[in-house]
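User: Please take a close look at a single part of this structure, and then set it beside other parts of the chain. I would like the cut-offs spelled out as you go.

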Amino acid sequence: MSIVLLLLSILVLVYLGVGGTTAAVVMSVATLVGVICDHWHLLSILLGGGLLALSLVVLFPGDQRRDRISRPLLCWVRSRLPKLSDTEAEALKSGTVDWDGELFSGRPDWSKLLDAQPGHLSEEEQAFLDGPVEELCAMLNDWSITHEDYDLPAPVWKFIRANGFFGLMIPREHGGKGFSHTAHSEIVMKISTRSVSAAVTVMVPNSLGPGELLMEYGTEQQQAHYLPRLASGKDIPCFALTSPVAGSDAGAIPDKGIVCRGQWNGEEVLGLKVTWNKRYITLAPVATLIGLAIKVYDPERLLEGDEEIGVTCVLVPKDLDGVNAGARHLPMNTVFMNGPTWGNDVFIPMDQIIGGQAMLGRGWTMLLECLSIGRSISLPALGTGAGKVACLATGSYALVREQFGRSISQFEGVQEALEPIAGYSYMMDAARRLTAGMLDRGVRPSVPSAVLKYRNTDLMREVINHAMDVVAGRGVITGPRNFLARAYQAVPIGITVEGANILTRSLMIFGQGAIRCHPYIVEEIEAAGLDDQQQAVRNFDGVFYRHIAHTTRNALRAFVSALTWGRLESVPSQGDIQPCYRQLVRFSAAFALLTDVTLLSVGGGLKARQRLSGRMADCLVQLYYASAIIKQWHEEGYPPDQRPLVAWGLKTCLRDLQRQMHELIRNYPVPLLRWPLRLLVFPLGTIGNKGPEDELGTDVAASIVRDTPLRQRLAQGCYVNDNPEDPLGRVLNAYRLANETHDMRERLHTAIRGRNEDELDAIALLMGHQRKELVDWALAQNIIREDEQTLLLEALEALYDVIRVDAFDAEGIKKLARCAKGKRQVVERPPREEE
């Protein structure tokens, strides 16, 4: 009994997180009570007392614990911890941990999420969105850009430069706008709803160009010289990282800079002779300032250090001898400037190293810090923009498109496609806002940025595919009328660039997050890496037992929460979504447990277990996006009309989270651990969390069909016009007229259904193409009033016009072919970067 009570007390103390003197007292009392219950039996005293003594040795630090327990454990842990390359070690030091750390802890503090300062727009930022951004969008004709000009028109380039679109993030003292990250995200998102090509042109200099690196690391002289030129558009930047043979792997970059002396402005100075071969570089064909990631070597030891210095970021003016660019890639029929850049033995002085000579070899850290910012903004905003366009256009089209005398939005099969369009778009927007808010608070979210880039671009693909299913032939035929084609074609771009989604999911998210966000692993790795063995044992001893308690606590909490549906957990009362909070806490504890078990059992083999890593990444994604939904609803004051979207999003995340976690355990690479893990995480099986019900899905689908404030909320930030000559405006104009004439069209349909077969045949002819005659017939039959005649005819014309697709006669096709051929003469120049 003494052992049983002692073990029970230990489990309760660990579950509650109680330690120190209080824990010692409780364990002692429990042991004493057990001995008394055993009538002071000698065996009970010896076993209970021995176990208590061992527990107290483990509980309190001392020489006995360090020498007899911690030192052997350190040797074992060193063999299990993942081995980190130099670039991975630098990656762990970059960025900061925010809400992602709470999710990895297994016990998220919801107050930290709900109380965190959200991103918001200043009056100046909102005015910029309502003014220059709106004006820019109105100037864009996506068909002309992508099929006739193969470029943004010259007036658009001029407008972008003149209105500071290239300097959104550059501080005001250097001529930029000094906008927030939230504003940057909103601007890119809005432009993307009009033209992907224009959006990429604007977003790259603000997130992936040299400007961000100069602001963070540039010398005062570099900032004073380059930032005003970048802000005004006098210099157009690009940043070249990707190499043909190495991709974006910094450790394998073949591009190099050799330390040497050379001529610069008539003087001999110390510098670098740079050779590079890069491709897929956005803005490279028009860039006047090329940022490069290269490896620097000093074979002659001119710097009196190591021969291999490491990854370095440099600036190369386009007009230097030996710099080559100008040929273009065409990324999936979007025509933003993208192409190769290469150079051989191009000399630059040390002043052209970003940050100066002191930043030699620091390039990978610089890139990691800044890429986490850009990756949090650019493609997530583009994905969200695509979702908003899909909501607006597809919901409108579903309402106005009629089949069998009914709007197709009433068909359950169509509703099944509209449901994820609305739900996922709401989810993307929530995650985008949460992460932009982190950036505005000064967080550098290396793990959330990877989560957001991967998931938002993946959801963009889901949403656009569903939209194409609803619009069907109307979306397949390309031409000036098509409002979905460019978003559909742009999907692979988002999936592929800034870290391909396959690698981001299977290597980066969990591989980096498991260590970067874990409350104890980083300290253990640092302790294990110390050369001073005594200090290594002391440091390890200070963290390892807290780690063990953390793992045990999460195992207990996952098990108990699964049995009780989380009812023992204290969760916020706002929003009346406590069951979802409790399930998220339960799965957060299970996720933390699986993280620890994986690090200890798989250890350094994690890189090869990419299915495991990918499923763990999917679990983190669902936890993060569910949190984002809660945060967004909280910030907007829990509006009741958003409840269906919130409920749908949370239920979807929990369903997918449970499914991924179950598959992870079922296929766990250490078979002996599958049964214990299944017992701890799913003691009752996978009951519950079945996802949204059909009734809820119907309400969510209706949110983008009905003309309500909720539909407007979902489309918030989208460029909107109802010009019937515009691809999107044509649909929105028809939608408006359909709503305005709903009653009279219902009267017309009711009257038609009441006619005999001979009359129906005649009326059917009128309904097909003779819309004026049909309206005249309705007036003659007193179905409509005379004052309704004009509006009804306008509506019927618009409803017919919206389903029409583009058709080109032979000469029209030849004209397009000639235009494309003329442009290819520029595009298809010899790919000299491959020579």
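Analyst: Glu304 is exposed, with a relative accessible area of 76%, where exposed means over 50%, buried under 20% and partly exposed in between, with a 1.4 Å probe and protein chains only. This is a predicted model, in which local features need pLDDT of at least 70, side-chain atom pairs count only at pLDDT 80 or more, and totals for chains, interfaces and linings use all residues. Residues are numbered from 1 along each chain as its sequence is written, and side-chain values use heavy atoms, with hydrogens and water left out.

Glu304 sits in the loop that joins β4 (289-297) to β5 (308-317); strands here are DSSP runs of E with at least two residues, helices are runs of H or I with at least four, and both are numbered from the N terminus. Most residues other than glycine have a negative phi. Glu304, although not a glycine, has a positive phi of about 60°. Asp576 also has a positive phi, near 55°, and is a residue other than glycine. Asp576 belongs to the loop between α22 (533-564) and α23 (578-601), and at 55% relative accessibility it counts as exposed.

Beyond these loops, the chain has 34 helices and nine strands, and 56% of its 835 residues count as buried. One helix pair is α16 (residues 412-440) and α24 (residues 610-635), whose axes come within 8 Å and cross at roughly 85°; axes are lines fitted to C-alpha atoms over the stretch in contact, and angles run from 0 to 180 degrees between N-to-C directions. That makes α16 roughly perpendicular to α24, a term for angles of 65 to 115 degrees, while under 35 is roughly parallel, over 145 roughly antiparallel and the rest oblique. The residues that meet, with contact defined as heavy atoms within 4.5 Å, include Tyr426, Met427 and Arg433 in α16 and Tyr624, Lys631 and Trp633 in α24.

As for confidence, pLDDT is the predictor's confidence in each residue, from 0 to 100, and the chain has a mean pLDDT of 85, with 84% of its residues at 70 or more. Residues 824-835 call for caution, since their pLDDT stays under 50, and the model gives this stretch twelve contacts beyond four places in sequence.
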